[in-house]
Amino acid sequence: MKAQALVVELDTPGGLDTSMRSIVKEISGSAVPVIVFVSPTGARAASAGALHNPRGPRGGYGAGTNIGAAHPVAVGEKMDKVMAEKATNDAAAYIKSIAEQHGRNVKWAEDAVRRVSQQRRAKH
């Protein structure tokens, strides 16, 4: 029997851009739909993790969870102003293309990258 979907339970503070892009490629190449769900209560999809939620054909977040703050940061060293702007523009373009491809809210997706404090909270 073939699976009708794969549900990914997500709870992450984020991580490396390269790892996030690898995960997004795997989800994109899945033979079955992937549902990304931020759970359990208290979970988050922050930083690079925020880019996974708009990737799935369906996605969501449980009560008491949040998604957002996807603004790029450097690990181990500070980015200069030019590199920080490039990283932000790259991440914004990437999340916008993912959101557009799946009929998601493109403005919210871009704001999650460009506005450091912008988050979506589940209220139940």
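In the predicted model, the largest nonpolar core comprises 24 residues. Within this core, the residues with the most contacts are Met-20, Leu-51, Ile-67, Ala-70, Tyr-94 and Val-113. Two or more residues are contributed by each of α1 (17-28), β2 (34-38), α2 (81-101) and α3 (106-114). The greatest contribution comes from α2, which supplies six residues.

The surroundings of Val-113 were examined with neighbours within four places in sequence left aside. On this basis, Val-113 is in contact with Ala-70, His-71 and Pro-72, and also with Thr-88, Ala-91, Ala-92 and Ile-95. Of these partners, Thr-88, Ala-91, Ala-92 and Ile-95 are listed among the buried residues of α2.

Helix α2 consists of 21 residues and spans 30 Å from its first C-alpha to its last, close to the 30 Å expected at 1.5 Å a residue. Its buried positions are Thr-88, Ala-91, Ala-92, Tyr-94, Ile-95, Ile-98 and Ala-99. These residues lie on the same side of α2, because they cover an arc of only 165° around the axis. In general, an α-helix has 3.6 residues a turn, so residues three or four places apart point the same way. The buried residues of α2 pack against α1 and α3. On the face turned away from this buried side, α2 carries the exposed residues Val-82, Lys-86, Glu-100 and Gln-101.

Tyr-94, one of the core residues with the most contacts, also takes part in an arrangement between a charge and a ring. The charged end of Arg-21 sits over the ring of Tyr-94, at 4.0 Å from the ring centre. By contrast, the count of aromatic pairs comes to zero under the rule applied.

The loop between α2 and α3 contains Arg-104. This residue has a relative accessible area of 23% and is therefore classed as partly exposed, given that the buried class is confined to values under 20%. Although Arg-104 and Gly-59 are 45 residues apart along the chain, their C-alpha atoms are separated by 9.9 Å.

Overall, the protein chain contains three helices and six strands, which follow the pattern β-α-β-β-β-β-α-α-β along the sequence. Of the 124 residues in the protein chain, 37% are buried. Among contacts with a separation of 6 or more, 66% involve residues 24 or more positions apart.

Terms used: Residues are numbered from 1 along each chain as its sequence is written. This is a predicted model: local features need pLDDT of at least 70, side-chain atom pairs count only at pLDDT 80 or more; totals for chains, interfaces and linings use all residues. Side-chain values use heavy atoms; hydrogens and water are left out. A nonpolar core is a set of buried Ala, Val, Leu, Ile, Met, Phe, Trp, Tyr and Cys residues joined through side-chain atoms within 4.5 Å. Buried means under 20% relative accessible area, exposed over 50%, partly exposed in between (1.4 Å probe, protein chains only). Helices (H or I, at least four residues) and strands (E, at least two) are DSSP runs, numbered from the N terminus. Contact means heavy atoms within 4.5 Å. Rings of Phe, Tyr and Trp (its six-membered ring) pair if their centres lie within 6.5 Å; planes under 30 degrees apart count as stacked, over 60 as edge-to-face and the rest as tilted. A charge sits over a ring if NZ of Lys or CZ of Arg is within 6 Å of the ring centre and within 35 degrees of the ring normal. The expected span of a helix is 1.5 Å times one less than its number of residues. The arc is that of the directions from the helix axis to the C-beta atoms.
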